[in-house]
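Okay, thanks everyone for squeezing in. I'd like to walk you through a structure that's new to most of you, so have a look at it while I talk.

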Amino acid sequence: MEPITLTTRRLLLRPFGPRDTYRVHAACQDPDIQRWTVIPSPYRLTDAELFTTKLAPAGWRDDSAYSFALVLPETATLVGALCIDRRSRPGTYEVGYWSTKEHRGRGYVTEAVLGSARWAFTALQADRLEWRAEIGNLASRAVALRAGFRLEGDQRSGLLNKGVRRDAWTAALLPSDLGLPGAHPYLPERHAERGGGAADSGR
């Protein structure tokens, strides 16, 4: 896919490029970003250069991951990053994000998640957008909940971070949660009917 730029009320979500290398490197010196995301630690300038010049563009080219720099249009200030990754299951994608330390608490990432989710549900024909974070990452969880994700439980050993497997929270957002049609019909289970199906009648 050709890289695209999305616009939300306060942000531009644009593809990363070489001009972002030093800003990404500076942002990722934050201990919280290194602790809770899967970026290398320590995070060197060569890591930022690899991401902005090779990994992020390659994701767009092969339709495996769509990385966005979250910037303020007036100043081009980098306030965060967001990526939508294609999962192995048809129509399923996963969103991940981080925010620069000095711009947290202003709702920028929640705004970006919602804008990118609408794009994924329409342009990518996604039927399900998943979120996953290590248990204890309360800031990431708060963003997901504000964006309308519904928690679906815990995954034991659900996340590999810097060579260590950790338990993870999982949640999902559906097109219908945003008032959008899905690419395929969705028939949710009616909880009141659980246990009453044909599989229970084999006596």
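Let me start with a bit of vocabulary: when I say aromatic pair, I mean rings of Phe, Tyr or Trp, with the six-membered ring standing in for Trp, whose centres lie within 6.5 Å. Planes over 60 degrees apart make the pair edge-to-face. And please keep in mind that this is a predicted model.

With that in hand, the structure holds 6 aromatic pairs. Take F16 and F51: their ring centres are 5.0 Å apart and the planes sit at 65°, so we call that one edge-to-face. What I like here is that the pair links distant parts of the chain, with F16 in the loop between β2 and α1 and F51 over in helix α3, 35 residues apart. F16 is buried, at 6% relative accessible area, while F51 comes in at 21% and counts as partly exposed. The cut-off for buried is under 20%, so F51 doesn't qualify.

Next up, F68 and W119. They're also an aromatic pair, edge-to-face, with 5.6 Å from centre to centre and 90° between the planes. F68 belongs to strand β3 and W119 to helix α4, so this contact ties together parts that are 51 residues apart in sequence. Buried or exposed, for F68? Buried, with a relative accessible area of 0%. W119 is buried as well, at 10%. And these two have company: W60, Y66, F68 and W119 form one aromatic cluster.

Now, zooming out to the sheet. In what order do the strands of this open sheet run? We've got 8 of them, going β1-β2-β3-β4-β5-β6-β8-β7, and the pairing is mixed. At the edges you find β1 and β7, each with a single partner strand, so one side of each has no neighbour in the sheet. Helix α4, residues 108-122, packs on this sheet, touching β1, β2, β3, β4, β5, β6 and β8, and its direction makes about 30° with that of β4.

Let's stay with α4 for a second. 13 of its 15 residues are buried, so the helix is largely enclosed by the rest of the structure. Its length checks out too: at 1.5 Å a residue, those 15 residues should span 21 Å, and the end C-alpha atoms are 22 Å apart, which agrees.

Back to β3, where F68 lives. This strand is mostly covered, with 7 of its 7 residues buried. A65, S67, A69 and V71 point one way, and Y66, F68 and L70 point the other way. On one side, β3 pairs with β2 in the antiparallel sense over 3 bridges, and V71 is the bridge partner of L12. With β4, β3 is also antiparallel, this time joined by 7 bridges, and Y66 has I84 as its bridge partner there. β3 and β4 make a hairpin with 6 residues between them, and A76 in the turn has a positive phi of about 65°.

Two quick extras on rings and charges. R35 lies over the face of W36, 4.1 Å from the ring centre, and R141 does likewise over W169, at 4.6 Å.

Last stop, the segment before β1, which is where T5 lies. T5 is partly exposed, at 45% relative accessible area. Which residues does T5 touch, leaving out those up to four places away in sequence? L12, L13, R14 and P15. T5 and P15 are 10 residues apart in sequence, with 6.8 Å between their C-alpha atoms.

That's my tour, thanks for listening.

How values were computed. Residues numbered from 1 in each chain as written. Predicted model: local features only at pLDDT ≥ 70, side-chain atom pairs only at ≥ 80, totals over all residues. Heavy atoms only, no water. Pairing = 2+ DSSP bridges. Helix = DSSP H or I, 4+ residues; strand = E, 2+ residues; numbered from the N terminus. Contact = heavy atoms within 4.5 Å. Axes fitted to C-alpha atoms, helices over the stretch in contact; angles between N-to-C directions. Phe/Tyr/Trp six-rings, centres within 6.5 Å; stacked < 30°, edge-to-face > 60°. Buried < 20%, exposed > 50% of the residue type's maximum accessible area, 1.4 Å probe, protein only. Lys NZ or Arg CZ within 6 Å of the ring centre and 35° of its normal. Expected span 1.5 Å × (residues − 1).
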